[in-house]
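I opened a new page for this one and wrote things down as I looked them up. Here is what I was working from.

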Amino acid sequence: KKKKDVRTMECVWDCLAKILGFDYSGAPDNSGVKTSFERNVRFDDALKGKDVKVSKDGCSVSGNGTCMVKTALHQDKVYWEITVVETGEGKFRLGVCKVAGIKDDLQALDDLLGDDRMADVSWALKSDQCTTLFAGGDTIGISYDQISGRPQVDFYLNGDKLPGCSISGLSGVVCPAVSVTYGVELKGNFSVEDVDFEFLPPAGFSGIIPSRSMI
């Protein structure tokens with residue numbers, strides 16, 4: 001169901017950051033040293049294909065190729081959302097990418113999730129191979145469950161689970177990732193609190209809690 005409460009945890013984050021001596025970039029004040037405490041999870045401009053464009057705030061992706069989020073998924077059950085801003089004549093992929101499979105071959109990010117050099121290191125929902133037609137304004141929720149054996153990814157269109165789209169049997173440490181072709185723009189929502197998502201996460205799932213980068 002769509003969220004009703006628009007409250008945020010802004011004050012909590014602000015107070016916690018001050019108590020711990022962290023600024024919002026994830027480093028202690030004036031230290032210049034990156035730590036495991038990060039305020040934001042965003043698409044990483046350094047982890048993308050050469051023709052991919054990432055917005056200044058790190059929330060939106062366009063162009064052609066794949067872009068990853070630098071934060072690895074360590075929680076048992078985690079949820080995030082991707083909103084389709086523009087579809088154009090292009091296609092997109094939503095899913096996860098194996099950290100160990102990409103860190104030594106960043107040029108593979110020129111390909112799409114599940115294709116070519118990305119075929120063995122990523123798992124994704126492919127818009128061009130899905131029976132559902134996506135439109136601008138659609139929000140696709142993604143849940144990652146690794147508490148019951150081999151990890152599984154499920155997808156939700158505007159709050160409803162997409163049938164026949166589950167991906168199971170994943171392996172290794174993974175990060176969220178998306179792929180786009182020209183004409184497509186996607187916007188990520190990697191919030192921590194349920195109330196900050198467009199649609200409530202499935203029972204037992206929560207937003208990504210940032211951890212030390214694995215890349």
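My entries follow, grouped by the part I was looking at.

**Before starting**

I reminded myself that this is a predicted model.

**Strand β5**

I began with strand β5, which covers residues 92-98. I wanted to know how many of its residues are buried. I got 7 of the 7, so β5 is largely enclosed by the rest of the structure.

Next I looked up its partners. Strand β11 (residues 174-180) runs antiparallel to β5, and 7 bridges join the two. I picked out one of these pairings: F92 has V180 in β11 as its bridge partner. Strand β6 (residues 122-126) is also antiparallel to β5, with 5 bridges between them. Here I noted V96, which stands opposite W123 of β6.

**R93 and its salt bridges**

I then asked the whole model for salt bridges and got 7. Two that I followed up involve R93.

One joins R93 to D115, with 3.1 Å from N to O. R93 sits in strand β5 and D115 in the loop between α2 (99-102) and β6, so I jotted down a link between distant parts of the chain, 22 residues apart. Is R93 buried or exposed? I have R93 down as buried, because its relative accessibility is 1%. D115 is partly exposed at 22%, and the cut-off for buried is under 20%.

The other joins R93 to D128, at 3.4 Å from N to O. D128 lies in the loop between β6 and β7 while R93 is in β5, so this pair ties together parts 35 residues apart in sequence. For D128 I wrote down a relative accessibility of 39%, which means partly exposed.

**D154**

My next stop was D154, in strand β8 (residues 152-157). I put D154 down as buried, because its relative accessibility is 8%. What does its side chain meet in a salt bridge? I found K161, at 3.7 Å from N to O. K161 itself is partly exposed, with a relative accessible area of 49%.

While on salt bridges, I also noted that those sharing partners join K91, R93, D115, K126 and D128 into one network.

Back at D154, I listed two polar contacts between side chains. With Q152 the distance is 3.1 Å, and with S166 it is 2.2 Å. Leaving aside residues up to four places away in sequence, D154 touches G141, I142, S143, K161 and S166. So K161 and S166 are both among the residues D154 touches, because heavy atoms within 4.5 Å make a contact.

**Cysteines**

How many disulfides are there? My count came to 0. I checked C97 in particular: C97 is in no disulfide, and the nearest cysteine sulfur belongs to C175, 7.5 Å away. The cut-off is 2.5 Å between sulfur atoms, so a distance of 7.5 Å does not qualify. C97 is also buried, with 0% relative accessibility. I looked at C59 too and have it as buried, at 10% relative accessible area.

**Aromatic pairs**

Searching the whole structure gave me 3 aromatic pairs. I took a closer look at F43 with F190. Their ring centres are 5.3 Å apart and their planes are at 85°, so I logged the pair as edge-to-face. F43 lies in strand β1 (residues 43-48) and F190 in the segment after β12, so the pair ties together parts 147 residues apart in sequence. On burial, F43 comes out as buried at 5%, and F190 is buried at 6%.

**S191**

I moved on to S191, which is in the segment after β12 (185-189). S191 counts as buried at 17% relative accessibility. Its side chain makes a polar contact of 2.5 Å with that of N189. Further along the chain, G207 is 16 residues from S191 in sequence, yet their C-alpha atoms are 5.5 Å apart. Not counting residues up to four places away, S191 touches D196, F197, G207 and I208.

**I147**

My last entry is I147, in the loop between β7 (139-145) and β8. What does I147 touch beyond four places away in sequence? I wrote down D76 and K77. D76 is 71 residues from I147 along the chain, and their C-alpha atoms are separated by 5.0 Å.

Conventions:
Residues numbered from 1 in each chain as written. Predicted model: local features only at pLDDT ≥ 70, side-chain atom pairs only at ≥ 80, totals over all residues. Heavy atoms only, no water. Helix = DSSP H or I, 4+ residues; strand = E, 2+ residues; numbered from the N terminus. Buried < 20%, exposed > 50% of the residue type's maximum accessible area, 1.4 Å probe, protein only. Polar contact = N/O pair within 3.5 Å; in protein donor to acceptor, adjacent residues only side chain to side chain. Phe/Tyr/Trp six-rings, centres within 6.5 Å; stacked < 30°, edge-to-face > 60°. Pairing = 2+ DSSP bridges. Salt bridge = Lys/Arg side-chain N within 4 Å of Asp/Glu carboxyl O.
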